[in-house]
Amino acid sequence: MSVQREMEEPIYFGDPAATSGVSVFDQDFDMLFSYDGDDLGLAYTPACSAFCLWAPTAQEAEVVLYDSWQQTAGRRLPMVREVRGTWRLTVSGDLEGKLYTYRVRIGEQWNEAADPYARAVGVNGDRAAIIDLRKTDPERWAEDKLPSAAPPLAHPVDAVIYELHLRDLSIHPASGIAHKGQYLGLAESGTRGPGGY
(Lines give C-alpha, C1' and ligand atoms only; values in the text may rest on other atoms or scores of the structure.)
Protein backbone atom coordinates (compact mmCIF):
# COMPACT_ATOMS: atom_id res chain seq x y z
CA MET A 1 0.00 0.00 0.00
CA SER A 2 1.37 3.39 -0.96
CA VAL A 3 1.43 6.03 1.76
CA GLN A 4 2.23 8.83 -0.66
CA ARG A 5 -0.43 10.98 -2.22
CA GLU A 6 -0.71 10.47 -5.95
CA MET A 7 0.00 13.53 -8.07
CA GLU A 8 -2.94 14.63 -10.16
CA GLU A 9 -0.86 16.62 -12.58
CA PRO A 10 2.27 15.49 -14.40
CA ILE A 11 5.65 16.76 -13.29
CA TYR A 12 7.18 18.85 -16.04
CA PHE A 13 10.99 18.72 -16.19
CA GLY A 14 11.33 21.39 -18.83
CA ASP A 15 11.46 21.72 -22.56
CA PRO A 16 14.34 19.66 -24.01
CA ALA A 17 14.97 22.64 -26.28
CA ALA A 18 16.42 24.44 -23.24
CA THR A 19 18.95 21.63 -22.79
CA SER A 20 19.75 21.04 -26.48
CA GLY A 21 17.42 18.04 -26.57
CA VAL A 22 19.04 16.24 -23.63
CA SER A 23 16.63 14.90 -21.00
CA VAL A 24 17.35 15.42 -17.30
CA PHE A 25 17.25 11.62 -17.02
CA ASP A 26 19.96 11.11 -19.65
CA GLN A 27 23.53 10.46 -18.44
CA ASP A 28 24.71 13.13 -20.85
CA PHE A 29 22.77 15.73 -18.86
CA ASP A 30 25.25 15.55 -15.98
CA MET A 31 28.18 15.62 -18.35
CA LEU A 32 26.85 18.70 -20.16
CA PHE A 33 25.39 20.66 -17.25
CA SER A 34 27.22 19.77 -14.04
CA TYR A 35 28.73 22.93 -12.62
CA ASP A 36 31.54 22.96 -10.08
CA GLY A 37 32.12 26.70 -9.90
CA ASP A 38 32.19 28.40 -6.50
CA ASP A 39 30.32 31.52 -7.57
CA LEU A 40 26.66 30.43 -7.34
CA GLY A 41 24.47 32.83 -5.40
CA LEU A 42 25.28 36.48 -4.76
CA ALA A 43 28.66 38.22 -4.75
CA TYR A 44 28.06 41.61 -3.11
CA THR A 45 30.21 44.74 -3.07
CA PRO A 46 29.08 48.33 -2.55
CA ALA A 47 29.89 48.95 -6.24
CA CYS A 48 27.85 46.07 -7.70
CA SER A 49 26.05 42.80 -7.01
CA ALA A 50 26.71 39.74 -9.18
CA PHE A 51 24.03 37.03 -9.23
CA CYS A 52 24.66 33.49 -10.49
CA LEU A 53 21.98 30.77 -10.69
CA TRP A 54 22.20 27.17 -11.92
CA ALA A 55 18.96 26.36 -13.75
CA PRO A 56 19.75 24.39 -16.93
CA THR A 57 16.12 23.49 -17.72
CA ALA A 58 14.92 27.09 -17.51
CA GLN A 59 14.11 28.94 -20.70
CA GLU A 60 14.26 32.33 -18.99
CA ALA A 61 15.54 33.53 -15.63
CA GLU A 62 15.18 36.79 -13.73
CA VAL A 63 16.35 38.39 -10.51
CA VAL A 64 13.47 40.07 -8.69
CA LEU A 65 14.58 42.92 -6.40
CA TYR A 66 12.45 44.05 -3.45
CA ASP A 67 12.98 47.17 -1.35
CA SER A 68 11.35 45.55 1.70
CA TRP A 69 9.85 42.24 2.81
CA GLN A 70 6.35 43.76 2.70
CA GLN A 71 6.63 44.76 -0.97
CA THR A 72 4.45 42.53 -3.16
CA ALA A 73 5.81 43.30 -6.64
CA GLY A 74 9.53 43.63 -7.15
CA ARG A 75 11.64 44.93 -10.00
CA ARG A 76 12.32 42.13 -12.51
CA LEU A 77 15.74 42.04 -14.14
CA PRO A 78 16.46 39.48 -16.89
CA MET A 79 19.47 37.20 -16.48
CA VAL A 80 21.73 36.00 -19.30
CA ARG A 81 22.22 32.29 -19.98
CA GLU A 82 25.85 31.28 -19.59
CA VAL A 83 27.87 28.05 -19.50
CA ARG A 84 26.70 24.69 -18.15
CA GLY A 85 23.17 25.83 -17.30
CA THR A 86 24.11 28.92 -15.31
CA TRP A 87 22.40 32.28 -15.54
CA ARG A 88 24.12 35.56 -14.62
CA LEU A 89 23.34 39.18 -13.94
CA THR A 90 25.47 42.00 -12.54
CA VAL A 91 23.66 45.06 -11.17
CA SER A 92 25.65 48.26 -10.66
CA GLY A 93 25.21 50.28 -7.50
CA ASP A 94 24.87 49.48 -3.83
CA LEU A 95 21.98 47.06 -3.22
CA GLU A 96 22.66 46.52 0.48
CA GLY A 97 19.44 46.14 2.46
CA LYS A 98 17.35 44.98 -0.48
CA LEU A 99 15.85 41.50 -0.85
CA TYR A 100 15.77 39.28 -3.92
CA THR A 101 14.42 36.09 -5.42
CA TYR A 102 15.06 34.17 -8.61
CA ARG A 103 12.25 33.68 -11.08
CA VAL A 104 12.56 31.01 -13.78
CA ARG A 105 10.34 29.93 -16.64
CA ILE A 106 10.12 26.21 -17.33
CA GLY A 107 7.70 25.59 -20.16
CA GLU A 108 4.83 28.00 -19.67
CA GLN A 109 5.14 28.13 -15.87
CA TRP A 110 7.04 30.76 -13.91
CA ASN A 111 8.45 29.72 -10.51
CA GLU A 112 9.84 32.15 -7.94
CA ALA A 113 12.04 31.20 -4.98
CA ALA A 114 14.74 32.51 -2.69
CA ASP A 115 18.33 31.93 -3.72
CA PRO A 116 19.32 28.43 -2.51
CA TYR A 117 22.85 29.79 -1.95
CA ALA A 118 21.70 32.82 0.07
CA ARG A 119 23.83 33.68 3.10
CA ALA A 120 21.00 35.67 4.67
CA VAL A 121 17.23 35.68 4.24
CA GLY A 122 14.27 37.84 5.20
CA VAL A 123 11.09 36.99 7.07
CA ASN A 124 10.25 33.26 6.84
CA GLY A 125 13.10 32.73 4.36
CA ASP A 126 10.89 33.70 1.42
CA ARG A 127 13.42 36.14 0.01
CA ALA A 128 17.20 36.31 0.10
CA ALA A 129 18.75 39.37 1.74
CA ILE A 130 21.55 41.46 0.30
CA ILE A 131 23.92 42.30 3.14
CA ASP A 132 27.56 43.25 3.58
CA LEU A 133 28.83 40.23 5.51
CA ARG A 134 31.91 42.15 6.67
CA LYS A 135 29.58 44.33 8.76
CA THR A 136 28.40 41.24 10.66
CA ASP A 137 31.89 40.38 11.96
CA PRO A 138 32.25 40.82 15.74
CA GLU A 139 34.84 43.25 17.11
CA ARG A 140 38.43 42.06 16.62
CA TRP A 141 37.25 39.28 14.26
CA ALA A 142 40.22 39.76 11.92
CA GLU A 143 42.61 39.49 14.88
CA ASP A 144 41.16 36.21 16.13
CA LYS A 145 43.75 33.46 15.85
CA LEU A 146 44.30 30.00 17.27
CA PRO A 147 45.95 30.11 20.70
CA SER A 148 49.74 30.09 20.43
CA ALA A 149 49.80 26.84 22.43
CA ALA A 150 47.74 25.09 19.76
CA PRO A 151 49.82 22.90 17.50
CA PRO A 152 49.82 23.86 13.83
CA LEU A 153 47.51 21.75 11.68
CA ALA A 154 49.05 20.03 8.69
CA HIS A 155 45.59 19.63 7.14
CA PRO A 156 42.19 21.18 7.97
CA VAL A 157 40.78 17.68 8.52
CA ASP A 158 43.12 17.33 11.52
CA ALA A 159 40.95 19.76 13.53
CA VAL A 160 38.62 18.23 16.07
CA ILE A 161 35.29 20.00 16.23
CA TYR A 162 32.96 18.76 18.93
CA GLU A 163 29.29 19.55 19.35
CA LEU A 164 27.66 18.93 22.69
CA HIS A 165 24.49 19.68 24.55
CA LEU A 166 25.34 21.48 27.77
CA ARG A 167 22.69 19.58 29.72
CA ASP A 168 24.05 16.20 28.58
CA LEU A 169 27.58 17.20 29.57
CA SER A 170 26.73 18.57 32.99
CA ILE A 171 23.62 16.83 34.34
CA HIS A 172 25.13 13.61 35.73
CA PRO A 173 24.96 13.62 39.57
CA ALA A 174 28.67 12.75 39.79
CA SER A 175 29.81 15.30 37.20
CA GLY A 176 31.20 17.61 39.89
CA ILE A 177 29.49 20.56 38.22
CA ALA A 178 27.52 22.82 40.55
CA HIS A 179 25.49 24.62 37.87
CA LYS A 180 24.07 21.57 36.13
CA GLY A 181 22.28 22.17 32.83
CA GLN A 182 23.47 25.78 32.65
CA TYR A 183 26.07 27.56 30.52
CA LEU A 184 27.73 28.66 33.75
CA GLY A 185 28.38 24.98 34.48
CA LEU A 186 30.57 24.71 31.38
CA ALA A 187 32.80 27.51 32.68
CA GLU A 188 33.45 25.90 36.06
CA SER A 189 37.04 24.88 36.60
CA GLY A 190 38.41 21.95 38.56
CA THR A 191 35.43 19.66 37.98
CA ARG A 192 36.03 15.91 37.86
CA GLY A 193 33.75 13.03 37.01
CA PRO A 194 33.38 9.82 39.04
CA GLY A 195 36.52 8.32 37.49
CA GLY A 196 38.57 11.40 38.30
CA TYR A 197 38.54 12.63 34.72
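**Exercise 1. Classify cysteine 48 and cysteine 52 by exposure, and decide whether either is in a disulfide in this predicted model.**

Solution.
1. Cysteine 48 has a relative accessibility of 26% and counts as partly exposed, because the buried class ends under 20% and the exposed class begins over 50%.
2. Cysteine 52 has a relative accessibility of 2%, so this residue counts as buried.
3. A disulfide is a covalent bond between the sulfur atoms of two cysteines. The criterion used here is a pair of cysteine sulfur atoms within 2.5 Å.
4. For the sulfur of cysteine 52, the closest cysteine sulfur is that of cysteine 48, at 14 Å, which is too far for a bond.
5. The structure therefore holds zero disulfides. Cysteine 48 is in none, its nearest cysteine sulfur being that of cysteine 52.

**Exercise 2. State how many helices and strands the protein has, and compare its radius of gyration with the globule rule.**

Solution.
1. The protein contains three helices and nine strands.
2. Read from the N terminus, the order is α-β-β-β-β-β-β-β-β-β-α-α.
3. For 197 residues the globule rule gives 16 Å, whereas the radius of gyration of the protein is 25 Å; the value is well over the rule, so the protein is more spread out than a compact globule.
4. The C-alpha trace spans about 70 × 55 × 40 Å along the principal axes.
5. Of the 197 residues, 27% count as buried.
6. Among contacts with a separation of 6 or more, 57% join residues 24 or more positions apart.

**Exercise 3. Describe the accessible surface and the charged side chains of the protein.**

Solution.
1. About 14,400 Å² of the protein is exposed, and carbon and sulfur atoms supply 54% of that area.
2. There are 18 positive and 29 negative side chains.
3. The centres of these two sets lie 6 Å apart.

**Exercise 4. Place tyrosine 100 and glutamate 62 in their strands, and determine whether each is buried or exposed.**

Solution.
1. Tyrosine 100 belongs to strand S7, residues 99–106. Its relative accessible area is 1%, so tyrosine 100 is buried.
2. Leaving aside neighbours within four places in sequence, the contacts of tyrosine 100 include Leu42, Phe51, Val63, Val64, Leu65 and Tyr66. Asp115, Arg127, Ala128, Ala129 and Ile130 are also among them.
3. Alanine 114 is 14 residues from tyrosine 100 along the chain, and their C-alpha atoms are separated by 7.0 Å.
4. Glutamate 62 is in strand S3, residues 60–66. With 13% relative accessibility, glutamate 62 counts as buried.
5. With neighbours within four places in sequence left aside, glutamate 62 is in contact with Arg76, Leu77, Pro78, Met79, Thr101, Tyr102, Arg103 and Trp110.

**Exercise 5. Describe the surroundings of two loop residues, alanine 47 and leucine 153.**

Solution.
1. Alanine 47 sits in the loop between strand S1 (41–44) and strand S2 (48–54).
2. Its relative accessibility of 57% puts alanine 47 in the exposed class, because that class is over 50%.
3. Beyond neighbours within four places in sequence, alanine 47 is in contact with Ser92 and Gly93. Leucine 184 is 137 residues from alanine 47 in sequence and 45 Å from it in space, C-alpha to C-alpha.
4. Leucine 153 is in the loop between strand S9 (128–129) and helix H2 (166–170). At 44% relative accessibility, leucine 153 counts as partly exposed.
5. Beyond neighbours within four places in sequence, leucine 153 is in contact with Asp158 and Ala159. From leucine 153 to serine 175 there are 22 residues in sequence and 32 Å in space, C-alpha to C-alpha.

**Exercise 6. Give the phi angles of arginine 84 and asparagine 124, and locate both residues.**

Solution.
1. Most residues other than glycine have a negative phi.
2. Arginine 84, not a glycine, has a positive phi of about 55°. The residue lies in the loop between strand S5 (80–81) and strand S6 (86–92), and is partly exposed with a relative accessible area of 34%.
3. Asparagine 124, also not a glycine, has a positive phi of about 60°. Asparagine 124 is in the loop between strand S8 (109–113) and S9, and is exposed with a relative accessible area of 69%.

Technical notes: Residues are numbered from 1 along each chain as its sequence is written. This is a predicted model: local features need pLDDT of at least 70, side-chain atom pairs count only at pLDDT 80 or more; totals for chains, interfaces and linings use all residues. Side-chain values use heavy atoms; hydrogens and water are left out. Buried means under 20% relative accessible area, exposed over 50%, partly exposed in between (1.4 Å probe, protein chains only). Helices (H or I, at least four residues) and strands (E, at least two) are DSSP runs, numbered from the N terminus. The radius of gyration is taken over C-alpha atoms; the globule rule is 2.2 Å times the number of residues to the power 0.38. Contact means heavy atoms within 4.5 Å. Accessible areas come from the Shrake-Rupley method with a 1.4 Å probe; for residues, only the protein chains shown count as cover. Lys and Arg count as positive and Asp and Glu as negative; His and the chain ends are not counted. The place of a charge is taken as NZ of Lys, CZ of Arg, CG of Asp or CD of Glu.
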